[in-house]
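Got a few minutes for some aromatic rings and strands? Keep the viewer open and try each task before you read its solution.

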Amino acid sequence: MNQNIATWFELPATDLGRAQQFYRSVLNASFKLEDMSGMQLAIFEAEDGAVSGMLVQGEHYQPSATGAVVYFSGGEDLSQPLAEVESAGGKVLMPKTPIHDGECGYFALLLDSEGNRVGLYSPA
């Protein structure tokens, strides 16, 4: 049984195609597209049992730079995905920053192409 405290996330998008391209460029993500109850969905493809989520465009979904923050894996070194943020239509809010002098890895904060504040984490 999966014991992760988080099990799913949903990131609002005003332009689902633009949002997908952003996450393809920054995270090399791939998606499964669906429509459900008037909403357009782009579900992040993930391994079985992994915590995942989706980009969603719909009436009750508005991007936010001040709400909860979802942290994505930045791979072995988040400098690589951070280098793609601005050319993909986002903005780096906080550059690669050590956690406890790097002993616990590194994080960064950014705005995605839709205006959502998200984070990246990596061990190096």
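Three short exercises follow, each with its solution.

A note on the ground rules: this is a predicted model, where local features need pLDDT of at least 70 and side-chain atom pairs count only at pLDDT 80 or more, while totals for chains, interfaces and linings use all residues. Residues are numbered from 1 along each chain as its sequence is written, and side-chain values use heavy atoms, with hydrogens and water left out.

**Exercise 1.** Work out what kind of pair the rings of Y23 and F72 make, and which parts the pair ties together.

Step 1: Get the rule straight. Rings of Phe, Tyr and Trp (its six-membered ring) pair if their centres lie within 6.5 Å; planes under 30 degrees apart are stacked, over 60 edge-to-face, and the rest tilted. That rule gives 7 aromatic pairs.

Step 2: Apply it. The centres of Y23 and F72 are 5.5 Å apart and the planes sit at 50 degrees, so this pair is tilted.

Step 3: Place the residues. Helices (H or I, at least four residues) and strands (E, at least two) are DSSP runs, numbered from the N terminus. Y23 is in helix α1 (residues 16–27) and F72 in strand β5 (residues 70–73), so the pair ties together parts 49 residues apart in sequence.

Step 4: Check burial, meaning under 20% relative accessible area, with exposed over 50% and partly exposed in between (1.4 Å probe, protein chains only). Y23 is buried at 1%, and F72 counts as buried at 10%.

**Exercise 2.** Do the same for F44 and F72, then name the cluster that ring pairs build.

Step 1: For F44 and F72 the centres are 5.7 Å apart and the planes at 40 degrees, so that pair is tilted.

Step 2: F44 lies in strand β3 (residues 39–44) and F72 in strand β5, so the pair ties together parts 28 residues apart in sequence. Both F44 and F72 are buried.

Step 3: Follow the ring pairs along, and F9, F22, Y23, F31, F44 and F72 link into a cluster.

**Exercise 3.** In what order do the 4 strands of the open sheet come, and which are the edge strands?

Step 1: Two strands pair if DSSP finds at least two bridges between them. The order is β5-β8-β7-β6, with mixed pairing.

Step 2: β5 and β6 (91–98) each pair on one side only, which makes them the edge strands.

Step 3: Zoom in on β6 and strand β7 (residues 106–111): they run antiparallel, joined by 5 bridges. M94 has L109 in β7 as its bridge partner.
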